Amino acid sequence: MRVKVACVGGGPAGLYLSILLKLQDPAHEITVHERDPEGSTYGWGVTYWRELLDKLHAHDPESARAVEESSVRWSEGVAHVRDLATRQPGDTGHGIGRHRLLEILAARARSLGVHLRYADGITPDALPDADLVVAADGVHSALRTAHADRFGARLTPGRNRYLWLGTPHVFDSFTFAFVETGHGWIWCYGYGFSPEQSTCVIECAPETFTGLGLDRADEAEGLATLEKLFAHVLDGRPLIGRSSGGGTAQWLTFRTLTNRTWHHGNLVLLGDAAHTTHYSIGAGTTLALEDAMALADALRTHPELPRALAAYERVRKAALLPAQSAARHSAQWYENLTRYIDLPPEQMFALLGQRHSPLLPYVPPQLYYRLDRAAGQLEALRRLKRWLGPRLARTAQSRSLASRE
């Protein structure tokens, strides 16, 4: 059955959904409305892992090949703490420029007959005439906000401040750097996303933010301060504010978004309009694209729109529980950094990799490290850990969400 779909928001989720729906049935009439001009996207690089790439190849090999060819890869992580550094092998990660990712998806959507309308803001009181309206307009979604009581959105602020930057220094591995100042610790996450550039996310506690004067500094002063603090990992290269679209880079406090329900009538939430997970697990783009896959699958499987939207919400909420739990514990690990920072470098780095664990906050760090090492050497314990970990995460996250209702 031919359907008319209006997607409000031209980010990865909205564009990929339009591609999948056109592949299911070329007769579908799909329009993507993006409020900003084409090519004005703000953002540096995004990360993803092999599991997502496999899913992209399964759903649309053509766009998957283009994404893979435009990505950089790393298979190691390095952590700098004071004057010490430790490097360890890890799973292969991928980085791609957000601007390049959107170029690929927009070109693919156009080739399939999707209508892309840029500089086309859609307001809640003037929704497009469509069988289905998809709110893919981000965490500040105007379409969701217009029906706030129906969706039951909840924003939970974190404690730390963070800043999203770029740099012409190309990190050869996923890089963490922790710097001690007279006002507390400040740290960065760095990863390449092209042969010429990397993303560099800076984070610190509120007292460090104000103690270093970053709350009072203008952009140039703030970047100069950060360049000095992280000169040892930047190889003396500069930090850069916004990548495009004007404006200045802003210090933010991450807010975790949840919604009681994801659909109302013929309006459905997608990607960051439906949920957010802390940036420290690098899953935002992956989860948004997986939302698009699940919604397209539900619309194909269930001809009746209410059943399709209910199935999509049910599937994605269940799938998100482990990621939401991991993100919550990851954010808390950094908020309690002093609990781990004075461990020997190899132990600190190991627990950095275990920061998603719901048990770690309740076990003395050195004891947890020894237990984790023992589990890694005994096959029975490894199997138990693989079985128990996701279940503990889902249970903890379900209880956390229930307590907020």
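Buried here means under 20% relative accessible area, exposed means over 50%, and partly exposed is what lies in between, worked out with a 1.4 Å probe on protein chains only. By that yardstick Asp-235 is exposed, because its relative accessibility is 59%.

Before going further, a word on the source: this is a predicted model, where local features need pLDDT of at least 70, side-chain atom pairs count only at pLDDT 80 or more, and totals for chains, interfaces and linings use all residues. Residues are numbered from 1 along each chain as its sequence is written, and side-chain values use heavy atoms, with hydrogens and water left out.

**Two residues with positive phi**

Asp-235 is not a glycine, yet its phi is positive, at about 55 degrees. You'll find Asp-235 in the loop between α9 (231-234) and β12 (252-259); helices (H or I, at least four residues) and strands (E, at least two) are DSSP runs, numbered from the N terminus. Ala-119 is another non-glycine residue with a positive phi, near 50 degrees. Ala-119 belongs to the loop between β6 (115-117) and β7 (132-135), and it counts as exposed because its relative accessibility is 54%.

**Salt bridges**

Side chains of opposite charge can pair when their charged atoms come close. The rule used here asks for a side-chain nitrogen of Lys or Arg within 4 Å of a carboxyl oxygen of Asp or Glu, and the structure holds 21 such salt bridges. Here are some of them.

| Pair | N to O distance |
|---|---|
| Arg-2 and Glu-29 | 2.8 Å |
| Arg-87 and Asp-172 | 3.7 Å |
| Arg-159 and Glu-207 | 2.9 Å |

Where do Arg-2 and Glu-29 sit in the chain? Arg-2 is in the segment before β1 (4-8) and Glu-29 is in strand β2 (residues 29-33), so this pair links distant parts of the chain, 27 residues apart. Arg-2 is exposed at 52% relative accessibility, while Glu-29 is partly exposed at 25%.

Arg-87 and Asp-172 also link distant parts of the chain, 85 residues apart: Arg-87 is in strand β5 (residues 84-97), and Asp-172 is in the loop between β8 (153-167) and β9 (174-181). Arg-87 is partly exposed at 41%, and Asp-172 is exposed at 57%.

As for Arg-159 and Glu-207, the pair ties together parts that are 48 residues apart in sequence, because Arg-159 lies in strand β8 and Glu-207 in helix α7 (residues 206-211). Arg-159 is partly exposed, with a relative accessible area of 39%, and Glu-207 is partly exposed too, at 42%.

There is also a salt-bridge network, linking Glu-51, Lys-55, Glu-290, Asp-291 and Arg-316.

**Helices α2 and α3**

Helix α2 (residues 50-59) packs against helix α3 (residues 61-69) at an angle of about 145 degrees, with the axes 6 Å apart. Those axes are lines fitted to C-alpha atoms, for helices over the stretch in contact, and the angles run from 0 to 180 degrees between N-to-C directions. Contact means heavy atoms within 4.5 Å. On the α2 side Arg-50, Leu-53, Leu-56, His-57 and His-59 take part, and they meet Pro-61, Ala-64, Arg-65 and Glu-68 of α3.

Which residues of α3 are buried? They are Ser-63, Ala-64, Ala-66, Val-67 and Glu-68. Their cover includes α1 (12-24), β3 (45-49), α2, β4 (72-81), β5 and α4 (98-111).

**Rings**

Rings of Phe, Tyr and Trp (its six-membered ring) pair if their centres lie within 6.5 Å; planes under 30 degrees apart count as stacked, over 60 as edge-to-face and the rest as tilted. The count by this rule is 19 aromatic pairs. One of them joins Trp-164 and Tyr-279, which is edge-to-face because the planes are at 90 degrees, with the ring centres 6.1 Å apart. Trp-164 is in strand β8 and Tyr-279 is in the loop between β14 (267-269) and α10 (284-301), 115 residues apart. Trp-164 is partly exposed at 24%, whereas Tyr-279 is buried at 14%.

Trp-333 and Tyr-340 make a stacked pair, because their planes are at 10 degrees, and their centres are 4.9 Å apart. Both of these residues, Trp-333 and Tyr-340, are buried.
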